[in-house]
Amino acid sequence: MQFVIFIGPHKVGSSQLQDFLYRNYVRLIQSGILYPMIEAEGLSFMVSKAIIGDIDDIPLPVNAREAHNAFAYKMISEVDENRFVPPKHTGLPRTRQMFRAIKKQIEFVQPEAVILASEVFSTFGVISPRLIQTLIDEFPDADFRIIANLRRVDNYLASWHGERLKAGERLHSLGRGGLQSYYDTTHFDYSQILEPWARAMPEADFVLRDFSAVRSEGTIADFKEQSCLNFPQNLTTPAPQNPTMHRAVQEIVRRGNAQLMPEVAQNLRTFLEVITPELDLPKSSDIEMYGSALRAEMFDRFEDVHEFLCDMTGQTPFFANLQNMLRERPIPEAEATAEAVLKLKSHLRCLSDADARTFIENFAL
């Protein structure tokens, strides 16, 4: 049996892909492709979908929408007692029960292929290679195909840093210490993601994709092609999920997380998420988050990582536009932030939290 495992990492379209796979669960099964649910709530929801048909107006359980994220987090929590499943994933069974649920779906459906998809899989190697070995041991007769979409690291970190700010984390800005904190992590050194998988699965097919090429075709279309599976026609294709925080408001959120009470900071982030698309800000990709000196440092440090990717894929260069890491964007972050603050002040009537309003009114660069 073919197992296709999409291991992310983060901010490469994994949320949209998971959305696509669960929305088309029934049609995929009918075509010999299983995207397995991992616990009772998700399975019950999909049984209802199979019997009743279109139930998209019913709120989708998070354990169905992000089934394999829940699965991966639970696996991690059982090998590392210091790591916990995010609270949004409630009522999860033990991992052995999740594996049993997957195997029973395989037994009764008899699919030609199984898809597992989660950006959390990208952390398995650095947390514990035992996690990868467990997948191999549970499905000893499977042929594995591992797919990863990789972004050029300067673009990726600007998105990932924003994702952490969106979650309320207190961070340094990328241009003032934040960048260096990533150098020794999977978020910069992609070999830490890939090497443990390649070592554990020497016979697996590895498909590593430059995200700039993926984006031009679309995450879902690219996954269909790279998976080499026979997807049916006329599947539901959802819109992109989990949009990246605009670079012009990252510094506002960063300071809010650091200076405001957590509830006020959350209200500020919610307001900015809603209102930012209405501000007519410059393109996020035109805003410079690093500066020339940090870009040169980042480029030099990434050289070994890029060489690893070239060796693993036989593709030189792996990132066709790697030299663009050295190119500064035309709009400095401080300038973009100042423009965002000015435009936000004309929308403060929409912000009900008085402390958050005062924070924006008094914001100074």
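Visitor: How much space lies in the second largest cavity?

Guide: The second largest cavity holds about 40 Å³ of space. This is a predicted model, and the volume is computed from its atoms.

Visitor: What makes a space count as a cavity rather than a pocket?

Guide: A cavity is a set of points where a 1.4 Å probe fits but cannot get out, whereas a pocket is an open set. By this rule, with a floor of 30 Å³ or more, the count comes to two cavities. The largest has a volume of about 50 Å³.

Visitor: Which residues line the second largest cavity?

Guide: Its lining consists of Pro9, His10, Ser122, Thr123, Tyr156, Thr186, His187 and Ile193. By class, three are nonpolar, five are polar and none is charged.

Visitor: Why does Tyr156 not count among the polar residues of that lining?

Guide: Tyr is on the nonpolar list together with Pro and Ile, so Pro9, Tyr156 and Ile193 make up the nonpolar class here. His, Ser and Thr are on neither the nonpolar nor the charged list, and therefore count as polar.

Visitor: Where is Pro9 found, and what is the peptide bond before it?

Guide: Pro9 is in the loop between strand 1 (2–6) and helix 1 (14–23). The bond from Gly8 to Pro9 is cis, with omega near 0 degrees. A cis peptide bond also joins Thr316 and Pro317, where omega is about -10 degrees. Pro317 lies in the loop between helix 15 (292–313) and strand 7 (331–332).

Visitor: Which residues line the largest cavity, and which elements give two or more of them?

Guide: The lining is His161, Leu165, Ser173, Leu174, Gln250, Glu251, Arg254, Met289 and Glu333. Helix 9 (153–166) and helix 13 (250–259) are the elements that give two or more residues. The largest share, three residues, comes from helix 13. By class, the lining has three nonpolar, three polar and three charged residues.

Visitor: What makes the residues of helix 9 and helix 13 count as meeting?

Guide: Contact means heavy atoms within 4.5 Å. Ala158, His161, Gly162 and Leu165 in helix 9 meet Gln250, Val253, Arg254 and Asn257 in helix 13. By class, this contact has three nonpolar, four polar and one charged residues. The two axes come within 10 Å and cross at roughly 35 degrees, and the crossing is left-handed.

Visitor: Why are helix 14 and helix 17 called roughly perpendicular?

Guide: Helix 14 (residues 262–275) and helix 17 (residues 354–361) pack at an angle of about 70 degrees, with their axes 9 Å apart. Angles of 65 to 115 degrees count as roughly perpendicular, and the pair is therefore placed in that class. The crossing of helix 14 and helix 17 is right-handed.

Visitor: Which residues meet between helix 14 and helix 17, and how do they divide by class?

Guide: Val264, Leu268 and Phe271 in helix 14 meet Asp355, Ala356, Phe359 and Ile360 in helix 17. That contact has six nonpolar, no polar and one charged residues. Asp counts as charged, so Asp355 is the charged residue.

Visitor: What is noted about phi of Asn234, and where is this residue found?

Guide: Phi of Asn234 is near 60 degrees, a positive value in a residue other than glycine. Asn234 is found in the loop between helix 12 (219–227) and helix 13.

Key: Residues numbered from 1 in each chain as written. Predicted model: local features only at pLDDT ≥ 70, side-chain atom pairs only at ≥ 80, totals over all residues. Heavy atoms only, no water. Axes fitted to C-alpha atoms, helices over the stretch in contact; angles between N-to-C directions. Helix = DSSP H or I, 4+ residues; strand = E, 2+ residues; numbered from the N terminus. Parallel < 35°, antiparallel > 145°, perpendicular 65-115°, else oblique. Left-handed = near helix turned anticlockwise from the far one by under 90°. 1 Å grid on protein atoms, 1.4 Å probe; cavity = no way out; pocket = protein on both sides within 12 Å on 5 of 7 lines; lining within 4 Å. Points joined across faces, edges and corners; volume = space filled by probe spheres on them.
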